[in-house]
Amino acid sequence: MRHRRRVGDSAINGRTWNEAEQDLVVGDYLVMLDKTMSGRAYDPANHQRALRFVTNRSGGAITFLQGEISAVLTLIGLPTLNDHPPRWDFGDGLVDAIDRCLSARPGVLKDLAQPLALLGQAGAPILAEGAPSLARHAPSSERAQRLVAKFDPAVRDHGARILARIGLAAALVHEQRRLEERGRPDLAAQVRLALPPADEGCDLVSFSRTGAPRRIAVKTTTGGPATPFHLTLAEEALRTAQPEVFVIHRLYDVAREARMFRVRTTQPATLPAAVS
């Protein structure tokens, strides 16, 4: 794939992407993504025309690069533009361009990981059942690995209090509705927050339809379903001691579609595992 792209670029203007051009496309991508996450309208065609003018590249070459940007942002657990699915044959030059843009504007990273639109929500988002990503995309180079370590999504999401509050509220409502819809309003009334989570090793205390206990750890991200997460020491202790009751609710894309899947695992849960 990379060879085909470079041949295409060469046929257009005899050169591959340079730093300035990559910075322009990455910066424009982040502008469009910020508008998407904040609910502001924009015209992708206008952005495309402007990039074609300033880079002297074809629309196809720009679209290809935008797909590669989506892939890198996926690795670091950020949302992406739906119109540009990830293309995984990206090079280190693009990794460096994204590093430059995010490092120079740390506010952009925060706004994408914790969009201001989340603050304006009237209530907890309604969760749709989704599925974990079956794809596992390891960083393709040492530079990509360093970028993931620098912008570690598991650490970033764990420290985002607004994400934790929104995720916990959404998961609580979801559990209550699940039990009510299954004819167990008695159990729905008993779903509660764990107090304190550090002692109980979970965020929510809930039940299966048959009344079996469930101890739920809620992990929330604005990224996609493959975004990694960490367990706390208390959660890991509960997972080890009572794997039959320990469940992870993985909430993702919470600033847009707000989807979730459940994870039951007997393995260290730093990545999404099989759906229960």
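Biologist: Which residues in α5 meet which residues in α6?
Modeller: Leu102, Ser103 and Ala104 in α5 meet Pro106, Val108 and Leu109 in α6. To meet is to be in contact, with heavy atoms within 4.5 Å. The names α and β mark helices (H or I, at least four residues) and strands (E, at least two), which are DSSP runs numbered from the N terminus.

Biologist: What kind of model is this?
Modeller: This is a predicted model, where local features need pLDDT of at least 70, side-chain atom pairs count only at pLDDT 80 or more, and totals for chains, interfaces and linings use all residues. Residues are numbered from 1 along each chain as its sequence is written, and side-chain values use heavy atoms, with hydrogens and water left out.

Biologist: Back to α5 and α6. At what angle do the axes cross?
Modeller: The α5 and α6 axes cross at roughly 95° and come within 4 Å. Axes are lines fitted to C-alpha atoms, for helices over the stretch in contact, and angles run from 0 to 180 degrees between N-to-C directions. The two helices are therefore roughly perpendicular. Angles of 65 to 115 degrees get that label, while under 35 is roughly parallel, over 145 is roughly antiparallel and the rest are oblique.

Biologist: And α2 with α3, what is the angle there?
Modeller: Helix α2 (residues 19–37) and helix α3 (residues 44–55) pack at about 170°, with axes 10 Å apart. That makes α2 roughly antiparallel to α3.

Biologist: Is that crossing left-handed or right-handed?
Modeller: The crossing of α2 and α3 is right-handed. The near helix is turned clockwise from the far one by less than a right angle; anticlockwise would be left-handed.

Biologist: Which residues meet there?
Modeller: From α2, the list includes Leu24, Val25, Asp28 and Met32. On the α3 side, His47, Leu51, Val54 and Thr55 take part.

Biologist: New topic. How many residues has α4?
Modeller: Helix α4 (residues 59–75) has 17 residues. From first C-alpha to last, α4 reaches 25 Å, close to the expected 24 Å. The expected span is 1.5 Å times one less than the number of residues.

Biologist: How many of the residues of α4 are buried?
Modeller: In α4, 14 of its 17 residues are buried. Buried means under 20% relative accessible area, exposed over 50%, and partly exposed in between (1.4 Å probe, protein chains only). One residue in α4 is Gln66, which is buried at 3%.

Biologist: What is Gln66 in contact with, leaving aside neighbours within four places in sequence?
Modeller: Gln66 is in contact with Val25, Asp28, Tyr29, Met32, Leu51 and His84.

Biologist: What comes just after α4?
Modeller: Just after α4, Gly77 takes a positive phi of about 70°.

Biologist: Salt bridges next. What is the count?
Modeller: The count comes to 13. A salt bridge is a side-chain nitrogen of Lys or Arg within 4 Å of a carboxyl oxygen of Asp or Glu. Take Asp92 and Arg143, which meet at 4.0 Å, N to O. Asp92 is in α5 and Arg143 in α7, so the pair ties together parts 51 residues apart in sequence. Asp92 is partly exposed at 28%, and Arg143 is partly exposed at 35%. Asp92, Asp96 and Arg143 are linked in a network of salt bridges.

Biologist: How far apart are the closest N and O atoms of Glu235 and Lys219?
Modeller: Those atoms of Glu235 and Lys219 are 2.7 Å apart. Glu235 lies in α12 and Lys219 in β4, so the pair ties together parts 16 residues apart. Glu235 is buried at 5%, and Lys219 is buried at 7%.

Biologist: Where is the cis peptide bond?
Modeller: The cis peptide bond joins Leu195 and Pro196, with omega about -20°. Pro196 lies in the loop between β2 and α11.

Biologist: What is the phi of Asp253?
Modeller: Phi of Asp253 is near 50°, a positive value in a residue other than glycine. Asp253 lies in the loop between β5 and β6. Ala258 also has a positive phi near 50°, and Ala258 lies in the loop between β5 and β6. Asp253 is buried at 11%, and Ala258 is buried at 3%.

Biologist: Last one. How many helices and strands has the chain?
Modeller: The chain has 12 helices and six strands. Of its 276 residues, 45% count as buried.
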